[in-house]
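Let's take a walk through a protein chain together. Have a look at the sequence and the fold first, and then we'll go through it piece by piece.

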Amino acid sequence: TDCDFVEDGFYLEGKKCFWGLPNFIQSYSRIYFTYEPNCFDDSTNFTLTIPYAVDSLFWNFGDPSTGTHNFSHEFNPSHVFSSPGEFIVTVTVYSNGDSNTLTQIVLINNIPEIFLGNDTAICSGDSLILNAGSGYETYLWQDNSLDSIFIAYDSGLYWVEVADSNGCIAADSISLSVLPVQNVFLGNDTT
């Protein structure tokens, strides 16, 4: 007898009813948000999905060290997190005098660490092997090659962009100078 429920509460005069209440579709009342990308030092974009009109809303990104940037009243805001890690992000939606709060853990990943080395020089006829490291999902060099290693023979600026399994991207570059071989003549041998 919860909620004053009465079985057979409507008399059908001995007849049967084949009609009922409409199916309840949960997506009509479900609010949620998604976010991307989730890489440190990048702007993370939030997308709120809500099936009803909103009067206002308030985001708290759980990142107090960003000061006033920790909060937003935008419908689909962006936020640059202060460090990698887990953040408890909350959005409170106000509509028709009611409020609904959604809390979700947002994981912000480190960006890959890549270092091709310091700018350097080689002698003409030599080469320099540039190694971007292993374990990345993708590699892209300045000439559109896709290997983890690039062999440089000429003077110029060489760069690589790598992406890890989280979709986080990092890049590095190195300037290479090729020096001509100098012929040195010290004169004839003397005894």
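Before counting anything, here is what gets counted: helices (H or I, at least four residues) and strands (E, at least two) are DSSP runs, numbered from the N terminus. Keep in mind that this is a predicted model. With that settled, the chain turns out to have 0 helices and 13 strands. Reading along the sequence, you just get β-β-β-β-β-β-β-β-β-β-β-β-β. The chain has 191 residues, and 27% of them are buried.

**A four-stranded sheet**

One place to start is an open sheet of 4 strands, in the order β8-β13-β12-β10, with mixed pairing. Its edge strands are β8 (120-123) and β10 (138-141), and each of these pairs on one side only. On average, neighbouring strands of this sheet are turned by 25 degrees against each other, if you ignore direction. If you're wondering what holds such strands together, strands of a sheet pair through backbone hydrogen bonds, either parallel or antiparallel.

Now for two of the pairings. Strand β12 (residues 156-163) runs antiparallel to strand β13 (residues 169-179), with 8 bridges between them. Here Y158 stands opposite I174 in β13. On the other side of the story, β10 and β12 are also antiparallel, over 4 bridges, and Y139 stands opposite V162 in β12.

Which side chains of β10 are buried, and which are not? Y139 and W141 point to one face and are buried, whereas T138 and L140 point to the other face and are not. That fits a general rule: in a regular strand the side chains alternate between the two faces of the sheet.

**A nonpolar patch**

I129, I149, I151 and Y153 make a nonpolar patch on the surface, about 400 Å² in area. One of its members, I149, sits in strand β11 (residues 149-152). Is I149 buried, partly exposed or exposed? It counts as partly exposed, because its relative accessibility is 41%, and that class covers values between 20% and 50%.

**Backbone oddities**

Most residues other than glycine have a negative phi, and most peptide bonds are trans. A few spots in this chain are worth a look with that in mind. Two asparagines have a positive phi, although neither is a glycine:

| Residue | Phi | Loop | Relative accessibility |
|---|---|---|---|
| N96 | about 50 degrees | between β6 (85-95) and β7 (98-108) | 69%, exposed |
| N144 | about 70 degrees | between β10 and β11 | 58%, exposed |

Why do N96 and N144 count as exposed? Because N96 has 69% relative accessibility and N144 has 58%, and the exposed class starts over 50%.

Then there is a peptide bond to check: E36 and P37 are joined by a cis one, with omega at about -15 degrees. P37 itself lies in the loop between β1 (32-36) and β2 (43-49).

**A buried loop residue**

Last stop: T66, in the loop between β3 (56-60) and β4 (71-72). Why is T66 called buried? Its relative accessible area is 16%, and buried means under 20%, so T66 falls in that class. A polar atom of the T66 side chain lies 2.7 Å from the backbone oxygen of D63.

How values were computed:
Residues are numbered from 1 along each chain as its sequence is written. This is a predicted model: local features need pLDDT of at least 70, side-chain atom pairs count only at pLDDT 80 or more; totals for chains, interfaces and linings use all residues. Side-chain values use heavy atoms; hydrogens and water are left out. Patches are made of residues with over 30% relative accessible area and no salt bridge: like charges are joined within 9 Å, nonpolar side chains (Val, Leu, Ile, Met, Phe, Trp, Tyr) within 5 Å. Accessible areas come from the Shrake-Rupley method with a 1.4 Å probe; for residues, only the protein chains shown count as cover. A salt bridge is a side-chain nitrogen of Lys or Arg within 4 Å of a carboxyl oxygen of Asp or Glu. Buried means under 20% relative accessible area, exposed over 50%, partly exposed in between (1.4 Å probe, protein chains only). Two strands pair if DSSP finds at least two bridges between them. Axes are lines fitted to C-alpha atoms, for helices over the stretch in contact, and angles run from 0 to 180 degrees between N-to-C directions. A polar contact is a pair of N or O atoms within 3.5 Å; within protein, one must be able to donate a hydrogen and the other to accept it, and residues adjacent in sequence count only if both atoms are side-chain atoms.
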